[in-house]
Amino acid sequence: MPSPRTVLRAPLLWLLAPAMAGIAIGQSWPCSPRVAGGVAAGSAGLAGIALVFSRRESIFATVTTLLALAGASLGIGYGWQRWRAPPPFEPLPAPREATLDVRVLRRFASEPIRRSVGGMGLIESADPPLIRLAGQRVYFSVTKKRGPEPLVSGAYRLRGVIQDVVIESPQDGFHQMLIAQGVFLELRRGLVLRAIHPPSRTTRWVNRARNAIERILAVGIARHPVEAALERAMFLGEHAAMTEEQRTAFQRSGTFHVFVVAGLHVGVVATTILSALSLARLPKGIALITGLAAIAAYVELTGAGLPAQRTFIMLACLQCSRSFRLPGNSLAALVLAASITLVIDPQELFNPGFQMSYAVVTALVVMGTPLLRRWEIAWRPWSSLPRADWGWLRIAIRDLGRKVLHGAATASVALLASAPCMIGSFGVLSLGSVLANLVVVPLAALSVTAGFWSSLCGLASGELVSGLFNRAAVLTIKTMVALVALGSRVPVASVSAEFRQPWMAPAATVAVVSAMLAGASLRWRRSAGGFWLPVAVFVLVLLFGVKFGGNGAIVRR
């Protein structure tokens with residue numbers, strides 16, 4: 001009998017999928033309070049029907065229960081999105097100067113040479129002519145030099161020019177992302193007048209620790225300012241420290257994700273921490289709590305970005321199921337993490353980062369692992385030769401082949417899942433990303449590991465050891481940048497592309513991931529198309545939904 005962990009079962013997905021559909025409907029079709037009450041009553045009625053029929057044993061009762069649960073979940077998703085949605089927005093007649101009290105929700109990284117810092121906030125109050133803006137989300141860009149600088153939390157009184165968010169071109173992915181998350185206003189040329197609610201003690205402590213780590217990561221590499229900036233970008237998520245040329249090269253190669261603190265970074269740090277706690281032979285409960293607390297501290301140090309938060313929720317769900325021997329698996333933990341994320345903020349569903357991260361991880365779980373197993377079975381060199389006669393060279397070739405197959409399977413599946421979001425957000429299809437990620441991801445993992453041990457040793461007053469780790473990171477980063485720059489010059493490495501309609505990007509992501517889930521449910525049988533079903537869907541998306549060529553503009557996120 002197979003272990004529960006090896007069987008991909010996620011019953012919660014039958015509730016999450018219709019709830020996500022309800023959230024999407026709520027975003028597109030607002031309703032009046034009367035309609036909302038009707039939806040709530042209908043959802044409660046369907047839930048009652050599901051409860052009644054779940055006690056009966058028949059095919060009709062089973063089908064009725066599933067349909068009633070799906071309908072109730074759809075109604076709950078719709079109602080939750082409308083409940084959490086910002087007030088109706090009326091466009092401003094023209095840009096105007098305004099004074100706003102803004103609570104910071106998210107801080108965006110900015111280049112050291114820039115005089116402004118940007119972020120996302122919630123308007124708590126405004127000048128009398130603009131009182132109706134209270135409750136709206138706003139993107140702000142304020143001057144660094146004058147007044148207190150907004151941190152990652154707190155509330156501030158800002159003065160600047162308020163205007164509507166306008167999508168300047170089909171490739172303007174940044175403003176599209178803002179509108180998708182319910183941000184219809186932006187405050188430009190802002191100035192911080194005063195702090196209304198200063199950041200908490202925890203936030204101030206996190207910022208002091210972050211500044212200390214930034215100093216540690218610069219020990220011994222003063223002669224390499226570019227690589228030092230990239231090390232900070234990779235370990236702390238300060239990708240704004242990159243030059244425009246570097247940013248473009250990594251985006252076109254499909255490897256820019258190594259500078260966004262997400263699965264790779266949190267995974268490397270989590271593996272290191274949990275391995276150390278395992279070697280210490282702590283009780284499972286204490287090791288779990290200590291490990292998750294340390295990983296959460298790293299997420300906070302990196303600015304608690306949404307990709308890092310999503311990864312932490314996924315990791316916490318998976319580790320809890322394993323530590324407490326719950327009948328869970330990677331897919332079930334992933335579905336639970338997505339549910340928690342949408343309960344916290346249903347607008348996350350429309351964030352391209354949410355779509356890409358969950359699509360890629362789902363693809364790796366349901367398709368990447370089975371594909372790797374299929375390839376490993378096919379990769380059996382010298383199978384007719386007794387293993388005792390292989391020698392070290394044959395063993396090394398066998399192990400190297402397995403590692404290459406693992407990287408190729410991971411990169412190929414990730415490309416299928418992430419390509420629609422890449423095209424919709426960046427206007428580029430990175431055909432060379434499979435080969436590029438085979439090289440860049442291991443180097444990035446080494447750099448993150450070096451940054452972790454450098455920070456740990458530096459905080460323990462071991463700056464000499466920190467310098468050694470920093471030099472190792474510099475060597476790794478130089479190699480990675482050189483290879484990416486070389487690959488970006490290949491004409492076919494990336495192709496400019498855009499969807500014919502904006503809604504096609506999320507629809508294509510749903511179609512590809514659905515094909516992967518269908519293939520997994522059919523156990524990837526050859527009679528059902530095997531692993532070619534998602535590939536066929538992906539090709540159809542490219543043929544009928546994507547226009548190639550054009551500006552190929554890289555959107556700065």
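## Exercises on a predicted model

At 5% relative accessibility, Asn351 counts as buried. The model is predicted. Work through the exercises with the structure open.

**Exercise 1. Place Asn351 and find which residues it touches, not counting those up to four places away in sequence.**

Step 1. Locate the residue. Asn351 sits in the loop between H11 and H12.

Step 2. Check its exposure. Buried means under 20% relative accessible area. Asn351 has 5%, so it is buried.

Step 3. List the contacts. Leaving out residues up to four places away in sequence, Asn351 touches Met177, Gln181, Leu306 and Arg310.

**Exercise 2. Test whether the length of helix H11 agrees with its number of residues.**

Step 1. Count. Helix H11 covers residues 330-344, which is 15 residues.

Step 2. Work out the expected span. The rule is 1.5 Å times one less than the number of residues. For H11 this gives 21 Å.

Step 3. Compare. The end C-alpha atoms of H11 are 21 Å apart, which agrees.

**Exercise 3. Sort out which residues of H11 are buried, and what covers them.**

Step 1. Pick out the buried positions. In H11 they are Leu331, Ala333, Leu334, Val335, Ala337, Ala338, Ser339, Thr341 and Leu342.

Step 2. Find the cover. It includes helices H1 (13-28), H3 (59-84), H10 (306-323) and H12 (352-378).

Step 3. Look at one end of the helix. Ile344 belongs to H11. Its relative accessible area is 52%. The cut-off for exposed is over 50%, so Ile344 counts as exposed.

**Exercise 4. Describe the nonpolar surface patch that includes Ile344.**

Step 1. Name the members. Leu12, Leu15, Leu69, Leu336, Ile340 and Ile344 make up the patch.

Step 2. Give its area. Together these residues have about 440 Å² of accessible area.

Step 3. Assign the main contributor. H11 supplies the largest share, three residues.

**Exercise 5. Analyse three salt bridges: Arg103 with Glu124, Asp345 with Arg137, and Asp399 with Arg398.**

Step 1. Recall the principle. Side chains of opposite charge can pair when their charged atoms come close. The structure holds six salt bridges. The cut-off is 4 Å between the nitrogen and the oxygen.

Step 2. Take Arg103 and Glu124. Their closest N and O atoms are 3.3 Å apart. Arg103 lies in strand S1 (residues 96-107) and Glu124 in strand S2 (residues 116-126), so the pair ties together parts 21 residues apart in sequence. Arg103 is partly exposed at 34% relative accessibility. Glu124 is partly exposed at 36%.

Step 3. Take Asp345 and Arg137. The closest N and O atoms of this pair are 3.3 Å apart. Asp345 lies in the loop between H11 and H12, and Arg137 in strand S3 (residues 137-143), so the bridge ties together parts 208 residues apart in sequence. Asp345 is buried, at 15% relative accessible area. Arg137 is buried too, at 13%.

Step 4. Take Asp399 and Arg398. Here the closest N and O atoms are 2.7 Å apart. Asp399 counts as partly exposed at 32%, whereas Arg398 is buried at 8%.

**Exercise 6. Set the sequence separation of Leu66 and Trp14 beside their distance in space.**

Step 1. Place Leu66. This residue is in helix H3.

Step 2. Classify it. Leu66 has a relative accessible area of 45%, so it is partly exposed.

Step 3. Read off both separations. Leu66 and Trp14 are 52 residues apart in sequence. Their C-alpha atoms are 8.2 Å apart in space.

Technical notes
Residues are numbered from 1 along each chain as its sequence is written. This is a predicted model: local features need pLDDT of at least 70, side-chain atom pairs count only at pLDDT 80 or more; totals for chains, interfaces and linings use all residues. Side-chain values use heavy atoms; hydrogens and water are left out. Helices (H or I, at least four residues) and strands (E, at least two) are DSSP runs, numbered from the N terminus. Buried means under 20% relative accessible area, exposed over 50%, partly exposed in between (1.4 Å probe, protein chains only). Contact means heavy atoms within 4.5 Å. A salt bridge is a side-chain nitrogen of Lys or Arg within 4 Å of a carboxyl oxygen of Asp or Glu. Patches are made of residues with over 30% relative accessible area and no salt bridge: like charges are joined within 9 Å, nonpolar side chains (Val, Leu, Ile, Met, Phe, Trp, Tyr) within 5 Å. Accessible areas come from the Shrake-Rupley method with a 1.4 Å probe; for residues, only the protein chains shown count as cover.
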